[in-house]
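Please examine the sequence and the structure shown below before reading this report.

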Amino acid sequence: MVRRATPSKRAPRSSTARNSRPTRRLSTTDSYEYILGDSPKESERLRNQARLWDPVSHALFDRIAVGPGKRVLEVGPGQGSLHLELRRRVGGPVDAVERSPVFAPHITALAARDGFGAGRTWQCDLLDAPLPRAHYDIIFARWVFLFLPDPAAHLAKLVAALRPGGVIALQEYHRATLDMVPAQPDWAAFCAADRAFFASQGGDVSIGSQLPALLRDAGLQLDETHPTLRVGHPGSATWNWLSEYFLGVMDRMAEFPPFDAAAAARLRRGWLAAANDPSAMAVGPTVLDVVGRKVRKRR
Ligand SMILES: C[S@@+](CC[C@H](N)C(=O)[O-])C[C@H]1O[C@@H](n2cnc3c(N)ncnc32)[C@H](O)[C@@H]1O
């Protein structure tokens, strides 16, 4: 069952927000637009991306010992491939907070089919979810924190829901490794636009690098920071992953100067030309698995 939590009194989302320039940081009390949306095309992109990256998350689940009987919460499960994996490992229900009115019922429908019982799915922003206190053994999110204004406030919410000894495991980007060979003349402006696109709604596309300090400041013990970097030639799953995302959002990125429509058109041509060169390489942003533990208080 999908539960709709009562939204807090944050400001209503502006209809012009999507096209707004990154002129200010949003605070916790502002609403923000989820810039990638929940269209059928985005759902398909998420499923393709999951096929490439789920094994990396499964290895993380091994390391943090997601197993029978654990109380688990997933934030932002999207199309739900990892939600099903978490349920399979727990052998029972897993809770979820999912903001999208399209993705949340999809998660509930998926969970109704595997025989592990109904978890709680709160369809709302994480900050509005009525999470139980000191309850979860494991809280997991992949590619959610990069969208969030005020990540410290979101982390504090999760820490309160974690039981002593429990872990928060997050997978997010360290964006600085993103590159293409042969070099593209507009790359620096493109990377700046990539950052500005996320910052326009208060996010940080490279939040992975900030997470160790954020976890420390939230009072957690840092258990691990584990990198995965993918590099691929044209036709590889890595090339296709980066091309599907960046060629899909290139026109929207052109709204963030100094990247513009002409630069976007040049880069698109360069990208498609490189796709015919077997020696070309796309170097991905590094995915960092960052795990923090709520240490038990000594008696
Ligand atoms: C890029 S998708 C990642 C989906 C999934 N975790 C994966 O790895 O494929 C980000 C997801 O986070 C959800 N989301 C974004 N902001 C959220 C918030 N404040 N509270 C709950 N869910 C949120 C989106 O609706 C979307 O499902």
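The sections that follow describe one helix, the surroundings of the ligand and one sheet.

## Basis of the report

The structure discussed here is a predicted model.

## Helix 1

Helix 1 is made up of 24 residues, from 40 to 63. From its first C-alpha to its last it reaches 33 Å, close to the 34 Å expected at 1.5 Å a residue. A bend of about 50 degrees occurs at Trp53, and the proline Pro55 follows within four residues. Just after the helix, Ala65 adopts a positive phi of about 60 degrees.

Trp53 is also one of the buried residues of helix 1; the others are Gln49, Ser57, Leu60 and Phe61. The elements that cover these buried residues include two helices, helix 2 (81-90) and helix 7 (237-253). Strand 5 (136-142), strand 6 (162-174) and strand 11 (286-293) are also among the covering elements.

## Surroundings of the ligand

The ligand has 21 residues around it, of which Gly76, Gly78, Arg99, Leu126 and Arg142 come nearest. By character, the residues of this shell divide into 13 nonpolar, 4 polar and 4 charged.

## A sheet of three strands

Strands of a sheet pair through backbone hydrogen bonds, in either a parallel or an antiparallel manner. In this model, 3 strands form an open sheet in the order 7-10-9, with antiparallel pairing. Strand 7 (179-181) and strand 9 (231-232) are the edge strands, each pairing on one side only.

Strand 10 comprises residues 281-283. Its antiparallel pairing with strand 7 extends over 3 bridges, and Ala282 in strand 10 stands opposite Met180.

Definitions and conventions
Residues numbered from 1 in each chain as written. Predicted model: local features only at pLDDT ≥ 70, side-chain atom pairs only at ≥ 80, totals over all residues. Expected span 1.5 Å × (residues − 1). Bend = angle between axes of the 7 residues up to and from the residue. Buried ≥ 20, exposed ≤ 12 C-beta atoms within 10 Å, placed from the backbone. Contact = placed C-beta atoms within 7 Å. Near = placed C-beta within 6 Å. Nonpolar A, V, L, I, M, F, W, Y, C, P; charged D, E, K, R; others polar. Pairing = 2+ DSSP bridges.
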